[in-house]
Amino acid sequence: MLTRRHIRVKVMQVIYALALSREGSLETQQKFLNQSIAQTFTLYLLILALFRELHQLAEEQVKKGSRKYVKTEVETTPLRLSENRVLRQISDNAKLGESLEKRKLRQWYLNEEYVKILLREILQSDLYRDYANKPSGYQEDREFLVAIFKEIIAPNEKIYEFLEDEGITWVDDLPLVNTYLLKQFRKVKPDSPEAYFLPPLLKNREDMDFAIELLKKTLLRGEELEAEIEGKTPNWDKERIAELDAILLKMAIAELLYFPSIPERVTINEYLEIAKEYSTPKSSIFINGVLDKLTRDYKASGRLKKSGRGLL
């Protein structure tokens, strides 16, 4: 689920938090990094739990014969939603239920008003009216689920604010999790196993090792890395350069010098993209210029030692 870029962002966030607080041991920062990475999967599960609650609430309304959402229009009652095959797959997924119970993720049950708001918006939407009048089939159910997630659930400001309050790092995780969920919904099949909705958080153990090593190298060699930057920026002034830019530069230099299996072009491209998203408008230009100079010098002096196929 997590890409190397997202892992780099997680490390950046930990180092930035440390820079602001000016306190905390390396061990403490490693624990925070582990928790931050684990919380991404918790967010993923929580959004899936929202779909379970939506389905269950729709079923309850059907059983009660209630039409309180839009009483005058039969086609906007929850019946078709309660029959959605993909929603039922999620709702009946025993493994998913066990994971939610294990982590005590009962936020939507305890805050049912959010589920009711979403259900009301879905039932009153043109998307649902069109869906209710279409032939019933798995493909139609899947397409509808993708549509309401993209147009109603993911952009919902109340849900966004609720998740922002629940998890300190979830604002940055949400785009990644939403994109991943969309891919999952688009590819799910009637015979997909229960484990389909419980993917591994990391591709392999090497990803976690990479995260910890990048954090360690950047923090423990901080002064050395700053000296590298100073040598390539004659007007180097810590007070004038954005804190985030300095962190990204140090992380990138650490990768260039201490991670031989990662090609230099991958490192540079990754940090330029992160800078574009998280720092100032001119940050990527500044970072690109510094890293380009450093890379050429490292190659000329033999300090840039790269091997292997590279890790993205």
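Three exercises with worked solutions follow.

The model is predicted, so local features need pLDDT of at least 70 and side-chain atom pairs count only at pLDDT 80 or more, while totals for chains, interfaces and linings use all residues. Residues are numbered from 1 along each chain as its sequence is written, and side-chain values use heavy atoms, with hydrogens and water left out.

**Exercise 1.** Find the helix that holds L294, and decide whether L294 is buried or exposed.

*Solution.*
1. L294 belongs to helix α16, residues 283-301; helices are DSSP runs of H or I with at least four residues, numbered from the N terminus.
2. L294 counts as buried because its relative accessibility is 1%; buried means under 20% relative accessible area, exposed over 50%, partly exposed in between (1.4 Å probe, protein chains only).

**Exercise 2.** Which residues does L294 touch, leaving out those up to four places away in sequence?

*Solution.*
1. Contact means heavy atoms within 4.5 Å.
2. With those sequence neighbours not counted, L294 touches E228, K232 and I253.
3. For E228, 66 residues from L294 along the chain, the C-alpha atoms of the pair are separated by 8.0 Å.

**Exercise 3.** Which residues of the largest nonpolar core touch the most other members, and which helix gives the most to this core?

*Solution.*
1. A nonpolar core is a set of buried Ala, Val, Leu, Ile, Met, Phe, Trp, Tyr and Cys residues joined through side-chain atoms within 4.5 Å.
2. Among the 94 residues of the largest one, Y44, F51, W108, L163, F185 and L291 touch the most other members.
3. Helix α2 (residues 26-64) gives the most, with 15 residues.

Notes:
Helices (H or I, at least four residues) and strands (E, at least two) are DSSP runs, numbered from the N terminus.
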